[in-house]
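Trainee: I'd like a close look at one part of this protein, please: the places where charged side chains pair up. Take it slowly, and show me where each partner sits.

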Amino acid sequence: MIELKEEEERVILFAVSTGAVEDAENSLEELEELAETAGAVTVGTLIQSRENIHPGTYLGKGKLEELKELIWEKEATGVICDDELSPAQLRNLEDALDTKVMDRTMVILDIFAARARTSEGKIQVELAQLKYRAVRLVGLRASLSRLGGGIGTRGPGEKKLEMDRRLIHERIGHLKTELETVKRHREVVRKQREKSGILRAAIVGYTNAGKSTLLNRLTQAGILAEDKLFATLDPTTRPFVLPGGETILLTDTVGFIRKLPHHLVDAFRSTLEEARYCDVILYVVDCSNPQMDLQMHVVYETLRQLDVRDKEIITVFNKIDRAGADTSCRDVQSDYRVKLSAKTGEGVDSLVKVFEQIIRGRQIYFEKLFSYSEAGKIQNIRKNGRLLSEEYREDGIHVTAYVPVELFEWLYR
């Protein structure tokens, strides 16, 4: 019996360090995780210290020769650059190394293509891939025709890469139209949520910080939560009911990462903007990660890039159950700080208390006599506010409660 097995991609990672070599080493460690997630095995790494990246070949001549020898020595099937390569750099590296050349952006796009499940997610990924590839057709064509398959070939696929630029741009235009339709639908849903007066919280954070695990812990959402980069891609919104009966809508967003490709930021803008239109940012941090401070900087920079401002921020320092977790961590940019383990549930009560505190600060004491024909409004108070008492009298139902401002205005119409 003959067993057919997909050939394993063996890759060498390389980078140029224009500052501290340690930063480049840490970035390559993350790239190795990305490559593993995409299905490749890292067999070697190479870092060159330079004042500037070489405009033609990324690496200098000597390091390029060293990389070529390393490819032969390790029997690598490809190389991955830690930065996004220009079309000229991609083509020149292909010619010099005579092997498949990829960059960080290509690997991330490939992972997104494999993880997208909803129609919106697939549209966003394809749009990002086509924008990236439109200006790199010549270099990519050589790479993909030689090796056929592997990282960088999922999604639109080789067929679309063989089209001329005109056809690709037509496809990009079509996808943008589809995405606009999805965006309008998202805006309608968003406005309906705003009218309800329910507190909305967007869960943001670095990839693999535990966002999906926390959402599952709070809402039993049952979404995929793995110890992998970009384990979940499509946004999920679930209601979280507090002990007092108030409801919070929690939305899980795609994880951030350093050097997040601008093609992805543009394509996923409508999804990422959930953070912009929410009431509260629930910022999840992996306090067991040695690169925690850098990751926090990346997340705040991405939020600024999305113009997310003037939001109440709850920083959740997650994974305190892990050995080596930094329990002395702090975040001066947030309004509230909580330490917990989404996996074990330790400390979740503290997060619930913060939510209750925020809701109390946004509610108004309300007292009114409703006619029996308006009894349906009381159910709305139960759902979106905190019903303190209801007394049934001959002239109607006397209610005292704490309700959101939006609901308070609606009840007095």
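Mentor: Here is a walk through the pairs, with a bit of background before and some surroundings after.

A quick word on the ground rules: this is a predicted model, where local features need pLDDT of at least 70 and side-chain atom pairs count only at pLDDT 80 or more, while totals for chains, interfaces and linings use all residues. Residues are numbered from 1 along each chain as its sequence is written, and side-chain values use heavy atoms, with hydrogens and water left out.

Let's get our bearings. The protein chain has 16 helices and 13 strands; helices (H or I, at least four residues) and strands (E, at least two) are DSSP runs, numbered from the N terminus. Of its 413 residues, 52% count as buried. Buried means under 20% relative accessible area, exposed means over 50%, and partly exposed is in between (1.4 Å probe, protein chains only). Contacts tell you about the fold too: among those between residues at least 6 apart in sequence, 69% join residues at least 24 apart. A contact here means heavy atoms within 4.5 Å.

Now for your pairs. In general, side chains of opposite charge can pair when their charged atoms come close. The rule used here calls it a salt bridge when a side-chain nitrogen of Lys or Arg is within 4 Å of a carboxyl oxygen of Asp or Glu. That rule gives 18 salt bridges.

Start with Asp82 and Arg104, whose side chains meet at 2.5 Å, N to O. This pair links distant parts of the chain, 22 residues apart: Asp82 sits in the loop between β3 (78–81) and α3 (87–97), and Arg104 is in helix α4 (residues 104–115). Are these two buried or exposed? Asp82 is buried because its relative accessible area is 2%, and Arg104 is buried as well because its value is 1%. The two don't stand alone, either: Glu30, Asp82, Asp83, Arg104, Arg258 and Lys259 are linked in a network of salt bridges.

Next, look at Arg171 and Glu126, where the closest N and O atoms of the salt bridge are 3.0 Å apart. Here two helices are tied together, with Arg171 in α8 (residues 165–196) and Glu126 in α5 (residues 119–134), 45 residues apart. Glu126 is buried, since its relative accessible area is 13%, but Arg171 is partly exposed, at 25%.

A third pair is Arg362 with Glu312, whose side chains meet at 3.0 Å, N to O. Arg362 lies in the loop between α14 (348–361) and β11, Glu312 is in strand β9 (residues 312–318), and 50 residues separate them. Arg362 is partly exposed, with 31% relative accessible area, and Glu312 is partly exposed too, at 23%.

Follow the chain on from Glu312 through β9 and you come to Lys319, in the loop between β9 and β10 (336–339). Lys319 has a phi near 70 degrees, a positive value in a residue other than glycine. That stands out because most residues other than glycine have a negative phi. Lys319 counts as buried because its relative accessibility is 9%. Ala323 is in the loop between β9 and β10 as well, but Ala323 is exposed, with a relative accessible area of 80%. Ala323 also has a partner in space: Ser288 is 35 residues away in sequence, yet their C-alpha atoms are 7.3 Å apart.

Go back to Arg362 and step into β11 (residues 363–370), and you find Tyr365 in that strand. Tyr365 counts as partly exposed because its relative accessibility is 43%. With Leu388 and Tyr402, Tyr365 makes a nonpolar surface patch of about 270 Å². Areas come from the Shrake-Rupley method with a 1.4 Å probe, and for residues only the protein chains shown count as cover. Patches use residues with over 30% relative accessible area and no salt bridge; like charges are joined within 9 Å, and nonpolar side chains (Val, Leu, Ile, Met, Phe, Trp, Tyr) within 5 Å.

So where do charges gather without such a bridge? Glu22, Asp23, Glu25, Glu29, Glu32, Glu33 and Glu36 form a patch of negative charge on the surface. Lys and Arg count as positive and Asp and Glu as negative, with His and the chain ends not counted; each charge is placed at NZ of Lys, CZ of Arg, CG of Asp or CD of Glu. Asp23 is in helix α1 (residues 21–38) and is partly exposed, at 48% relative accessibility.
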